[in-house]
Amino acid sequence: MTNGVERQTDRLHVLVVGTEAWAIDSVERALQHAGHEVVHCPIPPTGPGCPTLDGDSCGLPRLDLVCSVRARPLDRVLRSEQAVVCALRRGAPLILAGSAASSPFACFATASVDLDGDVVGACEAAAATGPVPRSAAALDDLELLVKRRSQPEQPIWDPPVELPVTVDHRPVPG
């Protein structure tokens, strides 16, 4: 496992995370079509989340770049996006694709691109810059924010269980 970003060929190893499965899939397909390899965090998104978020002791494979894909504005981090913290600690450049304005990761981004823009080109350009040094204190603050404000993948909503509401079917006098 590498602790930093290593690039030995033109084929990028890109971690793609995000908020909507269809948007993540679109970016993954575009990267794969361009000849790049998409890697995945070994922590399942439905579990309790990453226990470390430190980038050193996780099983995240070789990594050149991380791409966070957001199809809608959110000011919180979903569990599926927690791996961004590990990638940032490893010095990986970060691309924000889609709705990036309210992203908690915005200040760490190397570049931002619309979902209908050239995401692959932005990834290739960002990876060409090499590792990005970041303040450990800033990453610690981000980690606390992520752990404190993470949301589950799918919003959990249980309708209240109460007695049924009676419906009056008599016509309303007019």
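In this predicted model, the side chain of Asp64 reaches over to the backbone nitrogen of His13, at a distance of 2.7 Å. Asp64 sits in the loop that joins E2 to E3, and with a relative accessible area of 0% it counts as buried. The loop between strand E2 (37-39) and strand E3 (65-70) also holds Arg62, and here again His13 is the partner: the side chains of Arg62 and His13 make a polar contact at 3.2 Å. Unlike Asp64, which is buried, Arg62 is partly exposed, at 23% relative accessibility. Arg62 also comes within reach of a residue well away from it in the chain, since its C-alpha is 8.7 Å from that of Val14, although 48 residues separate the two in sequence.

His13 and Val14 bring the description to strand E1 (13-18). Six of the six residues of E1 are buried, so the strand is largely enclosed by the rest of the structure. His13, Leu15 and Val17 point one way, while Val14, Val16 and Gly18 point the other way, and buried residues are found in both sets. That pattern fits a general rule: in a regular strand, side chains alternate between the two faces of the sheet. As for neighbours, E1 pairs with E2 in the parallel sense, over three bridges. Leu15 has Val39 of E2 as its bridge partner.

Next comes helix H1 (residues 21-33), whose length checks out nicely: 13 residues at 1.5 Å a residue should span 18 Å, and the end C-alpha atoms are indeed 18 Å apart. The buried residues of H1 are Ala23, Ile24, Val27, Glu28 and Leu31. Seen down the helix axis, these buried residues fall within an arc of 135°, so they line one face of H1. The other side of H1 carries the exposed residues Ala21, Trp22, Arg29 and His33. What lies over the buried residues of H1 includes E1, E2, E3 and helix H3 (119-128). After H1 comes Gly35, with a positive phi near 95°.

H3 can be described in much the same terms. Its buried residues are Val119, Val120, Ala122, Cys123, Ala126 and Ala127. They take up an arc of only 160° around the axis, which puts them on the same side of H3. The cover over these buried residues includes H1, E3, strand E5 (94-98) and strand E6 (111-113). H1 and H3 thus appear in each other's cover: H3 is listed among the elements over the buried residues of H1, and H1 among those over the buried residues of H3. Just after H3, Gly130 takes a positive phi of about 85°.

That leaves the cysteines. The structure holds zero disulfides. For Cys67, the closest cysteine sulfur is that of Cys123, and at 4.4 Å the two are too far apart for a bond, given that a disulfide calls for sulfur atoms within 2.5 Å. Cys67 is buried, at 0% relative accessibility, and Cys123 is one of the buried residues of H3. Cys86 is buried as well, at 3% relative accessibility.

Terms used
Residues numbered from 1 in each chain as written. Predicted model: local features only at pLDDT ≥ 70, side-chain atom pairs only at ≥ 80, totals over all residues. Heavy atoms only, no water. Buried < 20%, exposed > 50% of the residue type's maximum accessible area, 1.4 Å probe, protein only. Helix = DSSP H or I, 4+ residues; strand = E, 2+ residues; numbered from the N terminus. Polar contact = N/O pair within 3.5 Å; in protein donor to acceptor, adjacent residues only side chain to side chain. Expected span 1.5 Å × (residues − 1). Arc of directions from axis to C-beta. Contact = heavy atoms within 4.5 Å. Pairing = 2+ DSSP bridges.
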